[in-house]
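Trainee: I should like to request a close look at a single part of this model and at its surroundings.

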Amino acid sequence: MLIASIALELAVAIIAALAALKGRPHLFGLAVTFSIYVLYDLGRLLGWNVEQGLLSVLFLVASASALVAVWGLYRDKR
């Protein structure tokens with residue numbers, strides 16, 4: 001299940017980055033968010049020893065970038 005989750009998160013990150021490059025820059029926030037999720041899950045899968053404080057900061061960055069992305073989507077007038 002974890003490998004499937006990583007694959008899906010990676011797909012979302014790539015698609016969001018491609019969409020951002022095509023004129024929707026706020027979607028870089030979702031690309032950042034899901035990239036952080038990929039790193040976190042890879043760390044779990046591979047048994048990386050990561051300090052808990054670093055994980056907290058990464059999740060704060062992921063949440064903030066997701067907020068910026070959805071705020072940009074909300075404000076998008078297309």
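Leaving aside its neighbours within four places in sequence, with which residues is alanine 20 in contact? Please take the answer from there into the surrounding helices.

Mentor: The model is a predicted one, and the description below should be read accordingly. Once neighbours within four places in sequence are set aside, alanine 20 is in contact with Pro25, Leu27 and Phe28. Ala20 also belongs to the largest nonpolar core, a set of six residues completed by Ala16, Leu27, Leu30, Ala31 and Ala69. Two elements, α1 (2-21) and α2 (28-46), give two or more residues to this core. In soluble globular proteins, nonpolar side chains tend to be buried together.

The pairing of α1 with α2 comes next. Their axes come within 8 Å and cross at roughly 160 degrees. An angle over 145 degrees counts as roughly antiparallel, and α1 and α2 are therefore roughly antiparallel to each other. The contact involves residues of α1 including Leu2, Ile6, Leu10, Ala13, Ala16 and Ala20, and residues of α2 including Phe28, Leu30, Ala31, Phe34, Val38 and Leu45. In passing α2, α1 makes a left-handed crossing.

The loop between α1 and α2 holds histidine 26. With a relative accessible area of 19%, histidine 26 falls under the 20% limit and is therefore buried. Beyond four places in sequence, its contacts are Val68, Ala69, Gly72, Leu73 and Asp76. Of these contacts of histidine 26, Ala69 is also a member of the core described above.

On the other side of the account stands the pairing of α2 with α3. Here the axes come within 7 Å and cross at roughly 155 degrees, so α2 and α3 are likewise roughly antiparallel to each other. This crossing, too, is left-handed. From α2, the residues Gly29, Leu30, Val32, Thr33, Ile36, Tyr37 and Tyr40 meet Leu55, Leu58, Phe59, Val61, Ala62, Ser65, Ala66 and Ala69 of α3.

Serine 65 gives a closer view of this second pairing. This residue lies in helix α3, which spans residues 52-75. Serine 65 is buried, because its relative accessible area is 11%, under the 20% limit. Its side chain reaches the backbone oxygen of alanine 62 at 3.0 Å. Apart from neighbours within four places in sequence, serine 65 is in contact with Gly29, Leu30, Val32 and Thr33. Leu30, one of these contacts of serine 65, leads back to the core that also includes Ala20.

Conventions: Residues are numbered from 1 along each chain as its sequence is written. This is a predicted model: local features need pLDDT of at least 70, side-chain atom pairs count only at pLDDT 80 or more; totals for chains, interfaces and linings use all residues. Side-chain values use heavy atoms; hydrogens and water are left out. Helices (H or I, at least four residues) and strands (E, at least two) are DSSP runs, numbered from the N terminus. Buried means under 20% relative accessible area, exposed over 50%, partly exposed in between (1.4 Å probe, protein chains only). A polar contact is a pair of N or O atoms within 3.5 Å; within protein, one must be able to donate a hydrogen and the other to accept it, and residues adjacent in sequence count only if both atoms are side-chain atoms. Contact means heavy atoms within 4.5 Å. A nonpolar core is a set of buried Ala, Val, Leu, Ile, Met, Phe, Trp, Tyr and Cys residues joined through side-chain atoms within 4.5 Å. Axes are lines fitted to C-alpha atoms, for helices over the stretch in contact, and angles run from 0 to 180 degrees between N-to-C directions. Angles under 35 degrees count as roughly parallel, over 145 as roughly antiparallel, 65 to 115 as roughly perpendicular and the rest as oblique. A crossing is left-handed if the near helix is turned anticlockwise from the far one by less than a right angle, and right-handed if clockwise.
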